[in-house]
Amino acid sequence: MTADADLKRRLQTSFRWRGDRTDYNSYADLTAWWRDPHVLSSLGPGLASLFDDARPSLIMGIQSRGAILGALVAVHLGVGLAEVRKDPSRAADSDPWWEVSTGPDYRDRSLRLGVRRSLLQSGDRVLFVDDWIATGAQAEAAHALVEMAGATWIGAAVVVDGLERTPLRRALRLRSLVSLREL
């Protein structure tokens with residue numbers, strides 16, 4: 001079994017939908033992924049391998065799980081990480097940020113996302129990393145931040161692809177380790 005196939009199998013077998021039979025909704029429980037040292041150590045290389053053909057100079061991840069996964073990918077590739085903050089606040093008036101609002105996310109809320117301008121610059125080749133994509137609103141906003149900075153968007157590497165909008169999948173150059181229907 002290849003390393004990619006082993007990681008995919010481990011992701012599938014340790015994933016759980018949680019909720020009681022009387023609950024209207026269940027939720028995705030990813031916590032076993034973080035507990036398994038093999039999965040945890042394989043996520044950085046696994047997500048990076050989705051874009052073997054690209055040479056990112058910067059990894060971008062949204063607070064919090066996207067930034068954690070982004071750090072794993074950045075360490076594996078030997079590049080830096082730009083954390084995208086939700087509802088960012090400036091440390092001072094002289095603290096410049098790139099900021100954008102999202103469309104409705106999986107919880108039907110719009111967020112303000114931002115990244116310090118010193119972390120995302122023209123000339124950067126950016127690979128976006130996250131754990132799960134559902135509506136694509138946060139990834140679209142991250143793409144907009146990259147464009148605002150004059151940087152180059154390489155694509156989006158996610159653990160789970162639950163995106164239903166095919167045109168957006170192409171626009172984001174989305175690649176995943178598993179699809180929602182495989183869980």
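## Exercises on a predicted model

The largest pocket has a volume of about 820 Å³. The model is predicted: local features need pLDDT of at least 70, side-chain atom pairs count only at pLDDT 80 or more, and totals for chains, interfaces and linings use all residues. Residues are numbered from 1 along each chain as its sequence is written, and side-chain values use heavy atoms, with hydrogens and water left out.

### Exercise 1: the pocket

Task: describe the lining of the largest pocket, from its centre outward to the elements that supply it.

Solution.

Step 1. Fix the term. On a 1 Å grid over the protein atoms alone, a pocket is an open set of points with protein on both sides within 12 Å along at least five of seven lines; a 1.4 Å probe fits at the points, and lining residues have an atom within 4 Å of one. The volume is the space filled by probe spheres set on the points, and grid points are joined across faces, edges and corners.

Step 2. Find the centre. The lining has 30 residues, and the closest to the centre are Arg65, Tyr106, Arg107, Trp132 and Ala134.

Step 3. Assign elements. These are DSSP runs numbered from the N terminus: helices (H or I) have at least four residues and strands (E) at least two. Strand E2 (27-29), helix H4 (65-77), strand E7 (125-133) and helix H5 (137-149) each give at least two residues to the lining. E7 gives the largest share, 5 residues.

Step 4. Sort by class. The lining holds 14 nonpolar, 9 polar and 7 charged residues. Here Ala, Val, Leu, Ile, Met, Phe, Trp, Tyr, Cys and Pro count as nonpolar, Asp, Glu, Lys and Arg as charged, and the others, Gly among them, as polar.

### Exercise 2: two helices

Task: work out how the axes of H3 and H4 cross, and which residues meet.

Solution.

Step 1. Take the axes. They are lines fitted to C-alpha atoms over the stretch in contact, with angles from 0 to 180 degrees between N-to-C directions. The axes of H3 (residues 37-49) and H4 come within 8 Å and cross at roughly 70 degrees.

Step 2. Name the angle. H3 is therefore roughly perpendicular to H4. That label covers 65 to 115 degrees; under 35 counts as roughly parallel, over 145 as roughly antiparallel, and the rest as oblique.

Step 3. List the contact, meaning heavy atoms within 4.5 Å. From H3 come Leu40, Leu43, Gly44, Pro45, Leu47 and Ala48; they meet Leu69, Leu72, Val73, His76 and Leu77 of H4. The residues of this contact divide into 9 nonpolar, 2 polar and no charged.

### Exercise 3: buried or exposed?

Task: place Asp131, Gly66, Asp95 and Arg116, and give their contacts beyond four places in sequence.

Solution.

Step 1. Set the scale. Buried means under 20% relative accessible area, exposed over 50%, and partly exposed in between, with a 1.4 Å probe and protein chains only.

Step 2. Asp131 lies in E7. Asp131 counts as buried because its relative accessibility is 6%. Its contacts are Leu30, Arg65, Leu69, Val158, Val159 and Val160.

Step 3. Gly66 sits in H4. Its relative accessible area is 1%, so Gly66 is buried. Gly66 touches Gly61, Val129 and Asp130.

Step 4. Asp95 belongs to the loop between E4 and E5. At 12% relative accessible area, Asp95 is buried. Asp95 contacts Arg90 and Arg116.

Step 5. Turn to Arg116 in strand E6 (residues 112-116). At 30%, Arg116 is partly exposed. Its contacts are Ala91, Asp95, Pro96, Trp97 and Trp98. Arg116 and Pro96 are 20 residues apart in sequence, but 6.1 Å apart from C-alpha to C-alpha.

### Exercise 4: backbone exceptions

Task: find the cis peptide bond and the positive phi values, and place them.

Solution.

Step 1. Recall the background. Most residues other than glycine have a negative phi, and most peptide bonds are trans.

Step 2. Locate the cis bond. It joins Gln63 and Ser64, with omega about 5 degrees. Ser64 is in the loop between strand E3 (58-62) and H4.

Step 3. Check phi at Asp87. The value is positive, near 45 degrees. Asp87 lies in the loop between strand E4 (80-86) and strand E5 (97-101). Asp87 is exposed, at 52% relative accessible area.

Step 4. Check phi at Arg173. This value is also positive, about 55 degrees. Arg173 lies in the loop between helix H6 (166-172) and strand E9 (174-179). At 41%, Arg173 counts as partly exposed.
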